[in-house]
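Thanks for making time this morning. I would like to walk you through one model, beginning with a single side chain and then widening the view.

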Amino acid sequence: MEFYLQRYHTNPYALHLVQSLIHAGNQLFQTAEQTFSKLDHELAMLEHYRQTPFGQVRITASQYTLDKVLLPKLAKFQTRYPEIQLELISDTAFSDIISEQFDAGVRFGDLVAEGMIAVRISNDEEMAVIGSPDYFHTHGFPKTPSDLVHHQCLNYRYASGAMYHWDFIVNHEHIQVKTQGQWTFSNDYSIRNAAKLGLGLGYICKDLVQKELEKGELIQVLSEFSYTFTGFHLYYPHRNTSPALKCVIDALRE
């Protein structure tokens with residue numbers, strides 16, 4: 001390069017032209033280097049997103065299911081899959097997950113609609129009729145499910161408006177009993193608390209009141225007629241699931 005500068009030093013115009021070309025070449029090189037560096041970065045980010053699941057997963061379930069199953073099993077999601085956002089909606093309306101734009105829902109296996117893909121995520125759930133010692137001291141103990149007509153029962157109403165009928169096994173057959181009572185609730189926790197206050201008999205998952213039963217704060221009755229639901233299942237409409245939902249399914253299976 002010095003040779004060319006010496007050659008053209010007697011011609012100011014030529015020297016200026018050569019210097020301009022050198023400067024332009026350096027600028028072009030720096031620009032190209034920055035462009036390729038940015039391109040490498042973008043390609044690296046693209047590969048990262050290709051290999052890392054990301055996006056939002058919306059799931060509808062009862063509050064009890066959220067507390068007992070989903071939150072404990074998905075607690076490690078924050079560190080394992082930081083690019084996945086979880087939206088867990090407490091709902092008792094048995095919402096249509098397709099029309100409501102949920103990715104999945106959770107129900108007892110017995111209650112999952114036909115055509116849905118269902119994955120078991122918990123053990124079976126035994127139901128229990130429970131009441132406080134004070135309630136039984138005042139009203140006595142029911143001997144069979146048919147005796148419930150003579151008792152104050154804590155009713156459960158779904159968000160859809162439908163009332164829940166209590167399930168039992170009588171003579172090896174599944175029956176449902178329509179109960180009556182002064183109090184109606186929309187979640188299991190309120191029923192448990194109302195039963196502890198002696199307001200009536202509740203019908204909820206036994207696991208939810210296990211501690212109260214052990215402490216004697218509540219008493220289970222009609223246990224020989226108890227109905228057991230097939231465990232909670234995550235259900236979704238088709239096999240063409242997103243990578244993010246697949247990660248949720250794998251975590252809930254653990």
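Let me start in helix α7, residues 210-215, which is where Glu 212 sits. Please keep in mind throughout that this is a predicted model. Is Glu 212 buried or exposed? With a relative accessible area of 10%, Glu 212 is buried, because the cut-off for that word is under 20%. As for its surroundings, once we set aside the neighbours within four places in sequence, Glu 212 is in contact with Arg 192, Lys 196, Glu 217 and Leu 218.

A second residue that I would put beside it is Thr 241, which is found in the loop between β13 and α8, the latter being residues 243-253. Thr 241 also counts as buried, at 13% relative accessibility, and, not counting residues up to four places away in sequence, it touches Tyr 236 and Lys 246.

Now to the chain as a whole. It contains eight helices and 13 strands, and of its 254 residues, 37% count as buried. If we take the contacts with a separation of 6 or more, 77% of them are accounted for by residues 24 or more positions apart.

That brings me to the interior. The largest nonpolar core has 59 residues, and those that touch the most other members are Leu 70, Trp 166 and Phe 168. Helix α8 gives the most to this core, with seven residues. Where does the core lie with respect to the domains? Domain 2, which is 55-123 together with 231-253, and domain 3, which is 125-229, both give residues to this core, so it lies between them. To take one of those well-connected members, Leu 70 touches Ile 59, Ala 61, Thr 65, Leu 88, Val 106, Ile 121 and Leu 252, again not counting residues up to four places away in sequence.

Next, the empty space. The largest pocket holds about 500 Å³. It is lined by 29 residues, of which the closest to its centre are Ser 62, Phe 94, Phe 108, Tyr 156 and Tyr 158. By class, that lining has 16 nonpolar, 10 polar and three charged residues. Several elements each supply at least two lining residues, namely β1 (55-61), α3 (63-74), β3 (104-108), β10 (202-205) and β13 (232-236), and the largest share, four residues, comes from β3. The pocket, too, lies between domain 2 and domain 3, because both of them give residues to its lining.

Finally, a point about the backbone. Most residues other than glycine have a negative phi. Which residues in the loop between β7 and β8 depart from that pattern? One of them is Asn 171, in the loop between β7 (166-170) and β8 (173-177), with a phi near 55°, a positive value in a residue other than glycine. The other that I would point to is His 172, in the loop between β7 and β8, which has a positive phi of about 70° although it is not a glycine. As to accessibility, Asn 171 is exposed, with a relative accessible area of 68%, and His 172 is exposed as well, with a relative accessible area of 82%; both values count as exposed because the cut-off is over 50%.

I will stop there and take questions.

Note on methods: Residues are numbered from 1 along each chain as its sequence is written. This is a predicted model: local features need pLDDT of at least 70, side-chain atom pairs count only at pLDDT 80 or more; totals for chains, interfaces and linings use all residues. Side-chain values use heavy atoms; hydrogens and water are left out. On a 1 Å grid over the protein atoms alone, a cavity is a set of points where a 1.4 Å probe fits but cannot get out, and a pocket is an open set with protein on both sides within 12 Å along at least five of seven lines; lining residues have an atom within 4 Å of a point. Grid points are joined across faces, edges and corners, and a volume is the space filled by probe spheres set on the points. Ala, Val, Leu, Ile, Met, Phe, Trp, Tyr, Cys and Pro count as nonpolar, Asp, Glu, Lys and Arg as charged, and the others, Gly among them, as polar. Domain bounds come from an automatic or database domain assignment. Buried means under 20% relative accessible area, exposed over 50%, partly exposed in between (1.4 Å probe, protein chains only). Contact means heavy atoms within 4.5 Å. A nonpolar core is a set of buried Ala, Val, Leu, Ile, Met, Phe, Trp, Tyr and Cys residues joined through side-chain atoms within 4.5 Å.
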